[in-house]
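Visitor: I should like to learn how to read the features of a protein model. May we go through one together?
Guide: Certainly; let us look at it and take the features in turn.

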Amino acid sequence: MKDKEQRERKTAYVTAVHRGRYELEAEGEKFFGRLKAVEFFYGENEKDFPTVGDHVEVDFQKQGDSVITGILPRKSVFMRLNSTQGQPDQAAAANFDYVFIVMSLNQDFHIGKLERYLAAAWQSGGTPVVILSKADQCGHAEAYRSKAAQTAVGVEICCLSAKTGEGMQALEPFLKPDKVIVLLGSSGVGKSSLVNTLLGSEEMKTGGIREYDSQGRHTTTHRQLFELPEKILLPDGTEMAAGARIIDTPGMRMLKVSDVEEGLADAFGEVETLMLRCRFRNCTHGNEPGCAVRAAIEEGSLSQKKWKNYLSMKREEEYARQRAQIRAKRQSRKKGR
């Protein structure tokens, strides 16, 4: 009996997340699973749920859904704030190598938004890559690339069109068979179109951006992982090698960041360096003499918008930390009962 139980305990890979149900893969077999309530809702693991890309422990069931009992350690994870008060932050994707930050070359392109995604990407443990999509609809793509490069220092920036194949070859170094990629970006920026082109089929439904306000329609409704073929035929007739796995996530109108202390240091390195140069350690960067931040803003080397975005993200990061502390105290009281 003990040997039988051992055979039924498996390590599985999460390939999709639906409401309360998970698509899993183990030893070449695909099946569904649900969470073990005592572990994830009432036990010590209550703080987190599995997400796409996770390796999980399961009690395998041949009939019906298997039972997920635990999550193995992650090498990377993208977290976003949970809008429900008192609930833990949500893991959007895990165990990826690259973060493709997708922005379309139209009104969606926004430096402040790019700064936020870069901070979250660096914090996640993955390597960010900026994808400027819909190049076929833009007559001055290089101007956008130049603006992005000033913010995403040292980050690869690819201008491309999933529709025509223009610039797609630049993605080849990131699409190797042993790599996992997560796509991040607002609704309607072309994430699903990019996935369809890479897969060579219309796997994902797509929706355009409304011309009058540039707001995209939500075209991805859940988190899902796709395996790319070894060879991809692009719309322009060229081929490129692939084989990576891609995690698509629902578009976000506004990214509310979780704990991004390290990510902020990477995305706003010059801002934090300036803060260290202020005359006083407790400088509020208001009217104090010798404030390096105010001096940089006045001379134009630091934009007021970037400074405000940094402060906004610091407030959100502090809010997330306070929420985590309150939740930890609640769990500690529960255990002490």
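Visitor: Which residues of helix 8 are buried?
Guide: This model is predicted. In helix 8, which spans residues 292-299, the buried residues are Ala292, Val293, Ala296 and Ile297.

Visitor: Why do these buried residues lie on the same side of helix 8?
Guide: The general idea comes from the geometry of the helix. An α-helix has 3.6 residues a turn, so residues three or four places apart point the same way. In helix 8, the buried residues Ala292, Val293, Ala296 and Ile297 cover an arc of only 135 degrees around the axis, and therefore they are on the same side of the helix.

Visitor: What does the face of helix 8 turned away from its buried side carry?
Guide: That face carries the exposed residues Glu298 and Glu299. Just after helix 8 comes Gly300, with a positive phi of about 90 degrees.

Visitor: Which residues are buried in helix 4?
Guide: The buried residues of helix 4 are Ala141, Tyr144, Ala148 and Thr151. They cover an arc of only 80 degrees around the axis, which places them on the same side of helix 4. The exposed residues Glu142 and Gln150 are carried by the face turned away from that buried side.

Visitor: What covers the buried residues of helix 4?
Guide: The cover includes helix 3, strand 9 (127-133) and strand 10 (156-159).

Visitor: How should I describe the way helix 3 and helix 4 cross?
Guide: One considers the angle between the axes and then the handedness. The axes of helix 3 (residues 111-124) and helix 4 (residues 141-151) come within 10 Å and cross at roughly 45 degrees. Helix 3 is therefore oblique to helix 4. The crossing of the two helices is right-handed.

Visitor: Which residues meet where helix 3 touches helix 4?
Guide: From helix 3, Ile111, Leu114, Glu115 and Leu118 meet Lys147, Ala148 and Thr151 of helix 4. By character, the residues of this contact divide into four nonpolar, one polar and two charged. Ala148 and Thr151 also appear among the buried residues of helix 4.

Visitor: May we turn to the backbone angle phi, and to what one expects of its sign?
Guide: Most residues other than glycine have a negative phi, and most peptide bonds are trans. A positive value in another kind of residue therefore deserves notice.

Visitor: What is the phi of Glu27, and where is Glu27 found?
Guide: Glu27 has a positive phi of about 55 degrees although it is not a glycine. Its place is the loop between strand 2 (21-26) and strand 3 (29-35).

Visitor: What is the phi of Asn95, and where is its place?
Guide: Asn95, likewise not a glycine, has a positive phi near 60 degrees. It is in the loop between strand 7 (90-94) and strand 8 (98-104).

Visitor: Is Glu27 buried or exposed? Is Asn95 buried or exposed?
Guide: A residue counts as buried under 20% relative accessible area and as exposed over 50%. Glu27 has a relative accessibility of 73%, so it counts as exposed. Asn95 has a relative accessible area of 9%, so it is buried.

Visitor: Is Lys10 buried or exposed?
Guide: Lys10, in strand 1 (residues 9-18), has a relative accessible area of 11% and is therefore buried. Leaving aside neighbours within four places in sequence, its contacts are Ala26, Glu27, Glu29, Val56, Glu57, Val58 and Phe60. Glu27, the loop residue with the positive phi, is thus one of the residues in contact with Lys10.

Visitor: What does Phe100 touch?
Guide: Phe100 lies in strand 8 and is buried, with a relative accessible area of 0%. Not counting residues up to four places away in sequence, Phe100 touches Val129, Ile131, Leu171, Phe174, Ile181, Val182, Leu183 and Leu184. The C-alpha atoms of Phe100 and Ile246 are separated by 9.7 Å, and these two residues are 146 residues apart along the chain.

Visitor: Where does Gly185 lie?
Guide: Gly185 lies in the loop between strand 11 (180-184) and helix 5 (191-199). It is buried, with a relative accessible area of 0%. Its C-alpha atom is separated by 8.4 Å from that of Pro250, 65 residues apart along the chain.

Visitor: How many helices and strands are there in the chain?
Guide: There are nine helices and 15 strands. Of the 337 residues, 48% count as buried. Among contacts with a separation of 6 or more, 64% are between residues 24 or more positions apart.

Technical notes:
Residues numbered from 1 in each chain as written. Predicted model: local features only at pLDDT ≥ 70, side-chain atom pairs only at ≥ 80, totals over all residues. Heavy atoms only, no water. Axes fitted to C-alpha atoms, helices over the stretch in contact; angles between N-to-C directions. Helix = DSSP H or I, 4+ residues; strand = E, 2+ residues; numbered from the N terminus. Parallel < 35°, antiparallel > 145°, perpendicular 65-115°, else oblique. Left-handed = near helix turned anticlockwise from the far one by under 90°. Contact = heavy atoms within 4.5 Å. Nonpolar A, V, L, I, M, F, W, Y, C, P; charged D, E, K, R; others polar. Buried < 20%, exposed > 50% of the residue type's maximum accessible area, 1.4 Å probe, protein only. Arc of directions from axis to C-beta.
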